[in-house]
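Q: Hey, I'm new to this one. Can you walk me through it?

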Amino acid sequence: GLRDAALIQEESLHVIFKYSCLSTIMAELALVYQEWTGYTGNLVPASKTIAVTSENDLYSTGCCLTLARQIIYIHGGSVLLLPLGFINDYRTDALESKGWFTRLMYLIEEDRNYPRESFVTKDSYGISYLMLPPGLNPVAGLTGDYLKDLIRSIGGRFDTVILDIGTCFRRENLDVASNADSILHIGSGRRIPDIEKILGSE
């Protein structure tokens, strides 16, 4: 009775700490605005998906950043850089970003709409990143259907999505790469002599 009502009311409250970073405050405000008005922003289908693999994660990260900057500089539009490797190289504030990914996956699983601004942060170049904690990447733990749902849902809100696979050649990532518009592999052939055997000839 009363206890259940109090729990429901507590779960529906949004709390914003005044000393949080600006991206966290804006993300929470975007969710409140969406719940209040129903507005979720423009839903633009991703026009291009690029999967990036590498023999070395360090090269992959640098290449993805350069690629994203060049796309914005030459073509404009919105670009999302999504890490699929076991380690997240695109860090946000660890203390404030841990719960955002769980919340996003809940909304996707429940097929609810949401504003992209609530779950991404943008750098000075205009590149967007999913709000993820540093260290172990929770995206790398998603099974095939959940990973595809994430890319389809959050990626559908951007013009270009860059999937940074790096050296994480797990089956789920290879399936996603095979459905990408383009695959970019960075390597000398020393560690992986024949990348076509892994990624496929196409």
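Q: How much area does the protein chain expose, and what share do carbon and sulfur atoms supply?
A: The protein chain exposes about 11800 Å², and carbon and sulfur atoms supply 54% of that. Areas here come from the Shrake-Rupley method with a 1.4 Å probe. Heads up: this is a predicted model, where local features need pLDDT of at least 70 and side-chain atom pairs count only at pLDDT 80 or more, while totals for chains, interfaces and linings use all residues. Residues are numbered from 1 along each chain as its sequence is written, and side-chain values use heavy atoms, with hydrogens and water left out.

Q: Okay, how many helices and strands are there?
A: The protein chain has 7 helices and 8 strands. Those are DSSP runs numbered from the N terminus: helices are H or I with at least four residues, strands are E with at least two.

Q: And what share of the residues is buried?
A: Of the 202 residues, 42% count as buried, meaning under 20% relative accessible area (1.4 Å probe, protein chains only).

Q: Let's talk sheet. What order do the strands come in?
A: An open sheet of 6 strands runs E4-E5-E2-E7-E1-E8, with mixed pairing. Strands pair if DSSP finds at least two bridges between them. E4 (120-122) and E8 are at the edges with a single partner strand each, so each has one side without a neighbour in the sheet.

Q: How do E4 and E5 pair?
A: E4 and E5 (residues 127-130) are antiparallel, over 3 bridges. In one of them, Thr-121 has Tyr-129 in E5 as its bridge partner.

Q: Switching to helix H6, which of its residues are buried?
A: In H6 (residues 171-178), they're Asn-173, Leu-174, Val-176 and Ala-177. Down the helix axis they fall within an arc of 160 degrees, so they line one face of H6. That arc is taken from the directions from the helix axis to the C-beta atoms.

Q: What do they pack against?
A: The buried residues of H6 pack against strands E1 (48-54), E7 (160-166) and E8 (182-186), plus helices H5 (144-155) and H7 (196-199). Contact means heavy atoms within 4.5 Å.

Q: Last one: is Asn-137 buried or exposed?
A: Asn-137 is buried, with a relative accessible area of 6%. You'll find Asn-137 in the loop between strand E6 (135-136) and H5.

Q: Which residues does Asn-137 touch?
A: Leaving out residues up to four places away in sequence, Asn-137 touches Pro-83, Leu-84, Gly-85, Phe-86, Ile-87, Asn-88 and Leu-132. A polar atom of the Asn-137 side chain lies 2.9 Å from the backbone oxygen of Pro-83.

Terms used:
Buried < 20%, exposed > 50% of the residue type's maximum accessible area, 1.4 Å probe, protein only. Polar contact = N/O pair within 3.5 Å; in protein donor to acceptor, adjacent residues only side chain to side chain.
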